[in-house]
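Colleague: I would like a close look at one part of this structure, namely the packing around one well-connected residue that you choose yourself. Please then work outwards from there, so that I can see how that part sits in the whole.

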Number of protein chains: 2
Amino acid sequence: MKASVFHGLRDIRVESVPDPVIQLPTDAIVRVRRATVCGSDLWFYRGLWDWKPGYRTGHEFLGVVEAVGSEVGSFAPGQLVLSPFTYSDGVCEFCTAGLPTSCIRGGTFGGAGDDGGQGQFVRVPLAETTLVALPDGIGDDPQRLAAASLLADVVPTGHHAAVSAGVASGSTAVVIGDGAVGLCAVIAARRLGATRIIAIGHHPDRLGVARTFGATDVVDQPEEEAGKHVREITGGGAPHVLEAVGTQASMDLAFASVRDGGRIGFVSVPSAVKRLAVDQMFSRNITVAGGMAPARAYQPALLRGLMAGEFDPTPLLTMRVPLEGVPDGYAAMDRREAIKVLVEVT
Amino acid sequence: MKASVFHGLRDIRVESVPDPVIQLPTDAIVRVRRATVCGSDLWFYRGLWDWKPGYRTGHEFLGVVEAVGSEVGSFAPGQLVLSPFTYSDGVCEFCTAGLPTSCIRGGTFGGAGDDGGQGQFVRVPLAETTLVALPDGIGDDPQRLAAASLLADVVPTGHHAAVSAGVASGSTAVVIGDGAVGLCAVIAARRLGATRIIAIGHHPDRLGVARTFGATDVVDQPEEEAGKHVREITGGGAPHVLEAVGTQASMDLAFASVRDGGRIGFVSVPSAVKRLAVDQMFSRNITVAGGMAPARAYQPALLRGLMAGEFDPTPLLTMRVPLEGVPDGYAAMDRREAIKVLVEVT
């Protein structure tokens, strides 16, 4: 099959790799129809993670079941399915507690040992408890297929930011970052009932999307001034801050934007966060929560919401490429020319 | 009057200072009967805070109302009262939300501008909403007076650790630190229903107190081994970790002891905490909450519990001194010879 493979700094290639096969009775093979490029993919693309040539790329995908192992009872070949970005057994204490990212048998797609989502096929371990069935008919509707593909990671991740920040009905929330995660955090804050949503970013077009997603205020200023401005318009900061960038500057801005007693929900890989303001956490009773989004736990409800038309995340997909175009997609996201790239595999 | 005054590194003196007077109609003057020395007092005593000679010491006290301003209606001279370690207006958004430590008009006793608790009298700003009436009869009962004095700070602070860590009925909690705050955190974890409480410290006598307060396990090992041991006996860490030391080693131990998806409640001044393990917070979805305890918000319920005999914190008071003995009390706590010092002023 063809799949995208990491070769080095800003060097991603779509090339021939072995077809995956059922290795365990709990496996399924999924023929990928849609994949997406994640903001976190840019960490290894930019050489900021210790990735080795040969690692498979991508962890966001949906597709059609091609084959199943003997212990996979809920899915049969031909079924359209969504995958979360991690696989999980569904029965361990963490899965049953709603934290499948900590599953004791789980793992993440892509990298050293697993197929990546940006390829023709993916071996899905623990398929019975990992995959989510998609409704009939979506497969023939490119728009809904595109929308559903965003439930693999970015929509649940935005949702996790809002949940972690404790966004409540009638509340004020600040969203830091106008990338795909930040925009999904705006969607989530609105769904959880925030009535004032202040989106902070540096790209007028993306902040425009934030407005269509429910942001009531947009702020486009350097970090220090943005924090001051947020404190001014909120009279001291917001009780809920959704941090969706993962840099030191964005985390510092989160502390500058949060009200005493408030919560910062952070969901972006904090590869560039070196310190949290523990002195402020103490003196101002700021809670910091969040982490890698437990996407599988959120997907059933988010899928129902999507199908019911409660939200439409597809404006995030500003670039579409075939599988062979994955390197172009990375390059466009690296240059911030695309918010998020949809890979139309088949 | 006589009051304890900071002069420099390990130099505290009880000396004559001006008697406080009513400055604002919201003030009260309290004649101190009992004060205590706080673990956080050791930060300036050891030269780790930027304190100036002349600052008053102490923020934990109870006593008898001596005089009140014209706007203080609930208290009259002769009333026995408990003070939290901060004063607060009771009406601002933070006070009404249960966070009086962030009161927009509030402050902390001691230091540059306010009387300290370790003296004969204290001017209490915002007295109507700061002070808590103590029940009749306590004033004649040295044991109950001693117990009530611990509600000024250390008992609420232990309680805040348990609340911040989300301790729930039937849960397992780890308490890091066998100082006075840690021991009060054990009390609090038990009151909130934890059925397994693992206390970690380095002093067999204090860990013995932890057992009498409800600890089911005690661990006395170097930090790295302690974390490993906790993970072993809990099968992967505890969901609730109460951090009651405030050093880098203790915070690192909190991360080593917490279960994926768990909460660290931290309540000790983190003057020696330089970093939180943000990478673990992300990958393991660890929440860090807590801060300066909103003592005034907790005191009414804690006082009812104390009066009902639900707990007895007085084993913490291993040394008693008159006001003139405050320097000896600091020295004993500095050398860890005393868990906590009661100052019997009058």
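Modeller: Two residues are taken to be in contact if their C-beta atoms, placed from the backbone, lie within 7 Å of each other. The model is a predicted one, and the residue I choose is Val175(B). Leaving out residues up to four places away in sequence, Val175(B) touches Gly182(B), Ala185(B), Val186(B), Ala189(B), Ile197(B), Ala199(B), Ile200(B), Leu242(B) and Ala244(B). The choice rests on the largest nonpolar core, which has 234 residues, and in which Val175(A), Leu242(A), Val175(B) and Leu242(B) touch the most other members. Leu242(B) therefore appears twice in this picture, once among the contacts of Val175(B) and once among the residues that touch the most other members of that core.

To place this, it helps to look at how a chain is divided. Chain A falls into domain 1, made of residues 2-153 + 294-344, and domain 2, made of residues 155-290, and the C-alpha centres of these two domains of chain A lie 26 Å apart. Where they meet, 20 residues of domain 1 of chain A are in contact with 17 residues of domain 2 of chain A. On the domain 1 side of that contact, helix α11 of chain A, residues 295-307, gives the most, with 5 residues, and by class this side has 13 nonpolar, 4 polar and 3 charged residues. Helix α11 of chain A also turns up in the packing of helix α4 of chain A, residues 142-149, in which Ala146(A), Ala147(A), Ala148(A) and Ser149(A) are buried. The buried residues of α4(A) pack against α11 as well as β3 (28-36), β4 (61-68), β5 (80-82), β16 (317-322) and β17 (340-344) of chain A.

For chain A as a whole, the secondary structure comes to 12 helices and 17 strands, and 59% of its 346 residues count as buried. Among contacts in chain A between residues at least 6 apart in sequence, 68% join residues at least 24 apart. The C-alpha atoms of chain A fill a box of roughly 60 × 40 × 35 Å along the principal axes, and the radius of gyration of chain A, 20 Å, agrees with the value near 20 Å that a compact globule of 346 residues would have.

The next step outwards is the contact between the chains, in which 24 residues of chain B are in contact with 24 residues of chain A. On the side of chain B that touches chain A, β14 (258-266), α10 (278-284) and β15 (287-290) of chain B each supply at least two residues, and α10(B) gives the most, with 6 residues. By class, this side of chain B has 13 nonpolar, 7 polar and 4 charged residues. A rotation of 180° with 0.0 Å of shift along its axis superposes chain B on chain A with an RMSD of 0.0 Å, which is the relation of a two-fold axis. The same surface serves both copies, and 100% of the contact residues of chain B recur in chain A.

Some single residues of chain B fill in the picture. Asn285(B) lies in the loop between α10 and β15 of chain B and has a positive phi of about 55° although it is not a glycine; with 25 other C-beta atoms within 10 Å, Asn285(B) is buried. Arg10(B), in the loop between β1 (2-8) and β2 (11-16) of chain B, likewise has a positive phi, near 55°, in a residue other than glycine, but with 13 other C-beta atoms within 10 Å, Arg10(B) is partly exposed. As background to both, most residues other than glycine have a negative phi.

His160(B) lies in helix α5 of chain B, residues 154-164, and is buried, with 29 other C-beta atoms within 10 Å. Apart from neighbours within four places in sequence, His160(B) is in contact with Val267(B), Gly290(B), Ala293(B) and Pro294(B), whereas the C-alpha atoms of His160(B) and Glu324(B), 164 residues apart along the chain, are separated by 32 Å. Glu225(B), in helix α8 of chain B, residues 223-234, counts as exposed because 11 C-beta neighbours lie inside 10 Å, and exposed means 12 or fewer. Glu225(B) is 31 residues from Ala256(B) in sequence and 9.8 Å from it in space, C-alpha to C-alpha.

Terms used:
Residues are numbered from 1 along each chain as its sequence is written. Chains are lettered from A and ligands numbered from 1 in the order in which they are written. This is a predicted model: local features need pLDDT of at least 70, side-chain atom pairs count only at pLDDT 80 or more; totals for chains, interfaces and linings use all residues. Domain bounds come from an automatic or database domain assignment. Helices (H or I, at least four residues) and strands (E, at least two) are DSSP runs, numbered from the N terminus. Ala, Val, Leu, Ile, Met, Phe, Trp, Tyr, Cys and Pro count as nonpolar, Asp, Glu, Lys and Arg as charged, and the others, Gly among them, as polar. Copies are superposed by least squares on the C-alpha atoms of residues with pLDDT of at least 70 in both. A nonpolar core is a set of buried Ala, Val, Leu, Ile, Met, Phe, Trp, Tyr and Cys residues joined through C-beta atoms within 7 Å. A residue is buried if 20 or more other C-beta atoms lie within 10 Å of its own, exposed if 12 or fewer, and partly exposed in between; C-beta atoms are placed from the backbone. The radius of gyration is taken over C-alpha atoms; the globule rule is 2.2 Å times the number of residues to the power 0.38.
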